[in-house]
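Student: Could you take one part of this model and walk me through it closely? I'd like the surroundings as well, in one connected story.

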Amino acid sequence: MNPIKTKKLKIIFGIALVVVVVADFLVHRHHPYFPWDELPGFSAFYGFISGVVIIVIAKIIAPFIGLVKKEDYYE
């Protein structure tokens, strides 16, 4: 991928993350189900951490279940 496009995408996604967290400070929750639902930015933080954990686990188990092949597999 083009490094310039990659940098632009990172900036766009970073701005989107900041907008979501700032918007979470402006929303009033009338009846939160759990105590952590009252914390501003918790949903964005939880979603980010969950995504990172899923990627790390997938990279760890992929070789064991046959999803990763060597580079010279077809030769």
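Tutor: Let's start with D24, which is buried, because its relative accessible area is 12% and the cut-off for buried is under 20%. Keep in mind that this is a predicted model, so everything here is computed from predicted coordinates.

D24 lies in helix α1, and that helix is hardly covered: the count of buried residues among its 24 residues is 1. Across the chain, buried residues make up 5% of the 75 residues. So what does D24 touch? Leaving aside its neighbours within four places in sequence, D24 is in contact with R29, L39, P40, G41 and F42. One of these, G41, has its backbone nitrogen 2.6 Å from a polar atom of the D24 side chain.

V22 also has its place in helix α1. V22 is partly exposed, at a relative accessible area of 46%. Its C-alpha lies 8.3 Å from that of P40, with the two positions 18 residues apart in sequence. P40 is also among the contacts of D24.

Now for the helix that carries D24 and V22. Helix α1 covers residues 3-26, and from its first C-alpha to its last it reaches 35 Å, close to the 34 Å expected at 1.5 Å a residue. Back at the start of α1, a side-chain oxygen of N2 comes to within 3.2 Å of the backbone nitrogen of I4.

F42, another contact of D24, takes us into helix α2, which runs over residues 42-61. F42 is partly exposed, with a relative accessible area of 24%. Aromatic rings come into play here, since the structure holds 2 aromatic pairs. In one of them, the rings of F34 and W36 have their centres 5.0 Å apart and their planes at 5°, so this pair is stacked. Both residues keep some surface: F34 is partly exposed at 45% relative accessibility, and W36 is partly exposed at 42%. F42 belongs to the other pair, with Y46 as its partner; that pair is stacked too, at 5.8 Å centre to centre and 20° between the planes. F42 and Y46 are separated by about one helical turn, because they sit 4 residues apart in α2. Y46 is exposed, with a relative accessible area of 53%.

Further along, S50 has its place in helix α2 as well. At 25% relative accessibility, S50 counts as partly exposed. If you want a marker between distant parts of the chain, try S50 and K10: they are 40 residues apart along the chain, and their C-alpha atoms are separated by 19 Å.

Let's zoom out to put D24 in context. The chain has 2 helices and 0 strands. Its radius of gyration is 19 Å, well over the 11 Å that the globule rule gives for 75 residues, so the chain is more spread out than a compact globule. Along the principal axes, the C-alpha atoms fill a box of roughly 60 × 35 × 10 Å. About 7300 Å² of the chain is exposed, and carbon and sulfur atoms supply 72% of that area.

Back to where we began: D24 is buried, in a helix that is hardly covered, and its side chain has a polar atom 2.6 Å from the backbone nitrogen of G41.

Key
Residues are numbered from 1 along each chain as its sequence is written. This is a predicted model: local features need pLDDT of at least 70, side-chain atom pairs count only at pLDDT 80 or more; totals for chains, interfaces and linings use all residues. Side-chain values use heavy atoms; hydrogens and water are left out. The expected span of a helix is 1.5 Å times one less than its number of residues. Buried means under 20% relative accessible area, exposed over 50%, partly exposed in between (1.4 Å probe, protein chains only). A polar contact is a pair of N or O atoms within 3.5 Å; within protein, one must be able to donate a hydrogen and the other to accept it, and residues adjacent in sequence count only if both atoms are side-chain atoms. Rings of Phe, Tyr and Trp (its six-membered ring) pair if their centres lie within 6.5 Å; planes under 30 degrees apart count as stacked, over 60 as edge-to-face and the rest as tilted. The radius of gyration is taken over C-alpha atoms; the globule rule is 2.2 Å times the number of residues to the power 0.38. Accessible areas come from the Shrake-Rupley method with a 1.4 Å probe; for residues, only the protein chains shown count as cover. Contact means heavy atoms within 4.5 Å.
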